[in-house]
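Visitor: Could you take me slowly through one part of this model, the place where the two chains meet, and explain the terms as you go?

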2 protein chains.
Amino acid sequence: MEVTNKYIVIKSKIDGKPQENDFEVKTEPFSLSLKPGSNDIIIKNLYVSIDSYQINRMKSVSISHKASDFSGGVSPGEVIHAYGVGKVLASGNANFAKDDYVVGLINWGEYSISQGVHLNKLDPMGFPLSYFVGLLGLGGFTAYVGFFEICKPKKGEKVFISAACGSIGYVVGQYAKHLGCYVVGCAGSSNKVKLLKEKLGFDEAFNYKEETDLNIALQRCFPDGIDIYFDNVGGEMLDVVVSNMNSHGRVALCGMISEYTNAVKRATPDLLNVIYKRITIQGFLVGDHMHLFPEFLKMTIGDLCTGKMQVLEDVLVGVESIPAAFLGLFTGDNIGKRIVQLSLN
Amino acid sequence: MEVTNKYIVIKSKIDGKPQENDFEVKTEPFSLSLKPGSNDIIIKNLYVSIDSYQINRMKSVSISHKASDFSGGVSPGEVIHAYGVGKVLASGNANFAKDDYVVGLINWGEYSISQGVHLNKLDPMGFPLSYFVGLLGLGGFTAYVGFFEICKPKKGEKVFISAACGSIGYVVGQYAKHLGCYVVGCAGSSNKVKLLKEKLGFDEAFNYKEETDLNIALQRCFPDGIDIYFDNVGGEMLDVVVSNMNSHGRVALCGMISEYTNAVKRATPDLLNVIYKRITIQGFLVGDHMHLFPEFLKMTIGDLCTGKMQVLEDVLVGVESIPAAFLGLFTGDNIGKRIVQLSLN
């Protein structure tokens with residue numbers, strides 16, 4: 001049986017700010033039947049993750065050149081791999097059966113063919129499937145690894161999170177509150193600030209666009225200094241945070257959204273401060289820590305079941321909405337985890 | 001008995017590049033007798049350490065405001081505390097006796113009065129006293145802590161050291177060679193480059209002043225990338241190193257001499273690189289790691305006794321030479337540990 005598969009491609013490499021016009025929907029016939037002897041898995045994509053880091057794969061000089069995984073360069077006209085949830089339509093792979101739900105490497109399209117690499121069977125345990133793209137997927141896990149493994153937090157420490165309403169920040173803030181930290185977030189709208197304080201339980205939050213002096217904003221929110229900074233933005237904010245950090249402060253570099261589309265923009269933290277305050281600044285990728293996934297899942301499901309963990313999802317529908325969903329990340333459109341739902345069944 | 005004590009002071013706070021004229025020699029009568037009931041220790045200073053970080057204590061806005069230790073702000077007209085070796089002339093403190101050698105917090109002058117804070121009895125074990133100011137003192141210990149504790153090196157890793165002929169860099173390079181690392185250093189003269197390769201056993205070295213493109217220099221010396229960077233200089237070099245680092249690279253921020261006297265000059269490492277390569281950048285101060293001093297001393301004395309460890313000292317004589325000795329650090333005059341000998345007996 002053959003269907004029409006629609007998927008998103010870039011028309012050419014993207015340097016600078018991405019535009020709607022950089023993307024197009026490609027339509028191709030797609031066979032739902034396995035070739036004899038094939039060990040492919042044919043997947044109907046259900047929910048796919050929309051992440052700002054994808055822009056780094058679309059640049060002329062991609063950070064990584066490994067193909068076919070989450071971080072390799074994306075070629076114009078070719079399928080764009082992404083994290084998501086799907087349903088198996090046919091499988092020649094003994095580990096996957098028809099009608100299994102799967103989570104892992106699919107793509108920004110309606111169907112995927114997988115060889116089982118970076119793909120796992122998914123038992124939804126009664127949770128909405130979309131949770132496994134965000135909170136119970138790589139997004140939540142990134143928050144878990146970055147906060148617990150990289151920041152090594154202690155109860156009572158003062159934690160600052162940028163892009164705190166983003167897919168990772170909103171989870172970090174809740175983990176930090178559960179641990180007994182003092183938690184402040186910044187975001188780009190008064191709505192988000194309200195949500196951080198009223199729904200997610202942040203101790204303080206501010207709209208960085210409305211602050212004339214970030215240093216004053218941080219001094220107001222952190223009269224006793226910052227112990228931990230979970231950085232999703234880079235740029236000037238990092239500089240100001242470092243100058244407000246306490247001794248032995250830790251910075252987890254998770255994302256640099258303010259620098260992704262502007263190669264000239266760079267953070268210039270005062271390294272004398274970094275020395276005298278013995279600050280550690282650490283970049284991390286979640287793929288190095290997959291052995292922690294089971295403990296992450298156990299804890300986070302526990303938090304969900306006891307009502308301690310709020311879920312923020314921002315779901316758009318249909319493959320055609322992927323480019324706009326992606327572009328919106330760079331203007332702060334999203335509240336929580338941005339996901340595109342590809343099929344209603 | 002009263003003598004004349006000469007010591008160095010700053011005339012006013014120093015912002016920007018220090019000049020000879022910023023310093024003066026102060027002369028004061030100094031009693032060598034203890035007041036009855038006093039528990040002071042009266043010390044004749046023998047060797048004192050000359051370190052570039054002292055400039056940070058002399059700025060209008062000092063990094064730290066704690067007085068009377070190694071890192072607090074220095075006030076114009078007042079004694080400048082520094083690390084060094086002396087001899088006890090009189091003691092009201094039960095832990096110190098006349099004629100004991102001591103090591104620790106003395107000052108840029110001929111005599112010190114101590115309450116025993118940051119001061120230890122010294123058994124020279126047959127080594128020259130000056131060794132305990134440099135290689136067997138805080139300088140060598142800083143190299144030890146920064147390399148072994150902060151960089152967590154493994155045999156075979158590729159190590160880069162800036163200011164590699166400086167008081168700390170030259171020791172780091174030798175530790176790294178002893179461990180079985182590939183070691184490259186940069187320095188500011190062809191003499192120093194020669195010394196690094198021929199006397200200290202560095203695998204490669206280059207004169208950064210003669211390289212038109214630091215990136216090309218690093219690519220030439222590190223065809224397989226850099227695993228560890230021991231940073232004594234900050235500024236542009238850090239940026240170029242980060243772009244040549246391997247995954248899971250580690251940067252120990254030990255000093256920022258290129259930024260000490262130029263507040264505008266800042267490193268701008270590409271933090272996207274730091275994330276994708278999971279690099280850790282860590283500032284440290286040796287005072288946090290004093291529990292490691294015995295193991296450092298044991299190992300380094302062992303290296304000295306087996307002839308594996310070369311000592312580079314750059315000793316000037318007389319209290320009056322301190323300002324010039326200090327200023328010379330910022331123009332790269334020194335080769336190895338810069339020390340001023342205050343007395344010939």
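Guide: A salt bridge, as the word is used here, is a side-chain nitrogen of Lys or Arg lying within 4 Å of a carboxyl oxygen of Asp or Glu. Behind the term stands a simple idea, that side chains of opposite charge can pair when their charged atoms come close. The model is a predicted one, and within chain A it offers an example in Asp203(A) and Lys177(A), whose side chains meet in a salt bridge with 2.9 Å from N to O. This pair links distant parts of the chain, since Lys177(A) belongs to helix α3 of chain A, residues 169–179, while Asp203(A) sits in the loop between α4 (190–198) and β10 (204–207), 26 residues apart. Over all chains, a search of the whole structure finds 28 salt bridges.

With that term in hand, we can turn to the meeting place of the chains, where four salt bridges are counted between chain A and chain B. One of them joins Arg278(B) to Asp288(A), with the closest N and O atoms 2.6 Å apart. Between the two chains there are also eleven residue pairs in polar contact, counted where both residues have pLDDT 80 or more. On the side of chain A that touches chain B, at least two residues each come from β12 (245–253), α7 (257–260), α8 (271–276) and β13 (280–283), and the largest share, five residues, is supplied by α8(A). Sorted by class, that side of chain A has 18 nonpolar, seven polar and six charged residues.

The extent of the meeting can be put in numbers as well: 31 residues of chain A are in contact with 31 residues of chain B, and the two chains bury about 2900 Å² between them, 67% of it on carbon and sulfur atoms. In chain A, the residues that lose the most area to chain B are Leu271(A), Ile275(A) and Tyr276(A), which together make up 24% of what that side buries.

The strands take part too, for β13(A) pairs with strand β13 of chain B, residues 280–283, in the antiparallel sense over three bridges, and Ile281(A) stands opposite Ile281(B) in β13(B).

Finally, consider how the two copies are placed: chain A can be laid on chain B with an RMSD of 0.0 Å by a turn of 180° and a shift of 0.0 Å along the axis, and the copies are therefore related as by a two-fold rotation axis. The same surface serves both copies, as 100% of the contact residues of chain A recur in chain B.

Conventions:
Residues numbered from 1 in each chain as written. Chains lettered and ligands numbered in written order. Predicted model: local features only at pLDDT ≥ 70, side-chain atom pairs only at ≥ 80, totals over all residues. Heavy atoms only, no water. Contact = heavy atoms within 4.5 Å. Buried area = accessible area lost by both parts, 1.4 Å probe. Polar contact = N/O pair within 3.5 Å; in protein donor to acceptor, adjacent residues only side chain to side chain. Helix = DSSP H or I, 4+ residues; strand = E, 2+ residues; numbered from the N terminus. Nonpolar A, V, L, I, M, F, W, Y, C, P; charged D, E, K, R; others polar. Pairing = 2+ DSSP bridges. Least-squares fit on C-alpha atoms with pLDDT ≥ 70 in both.
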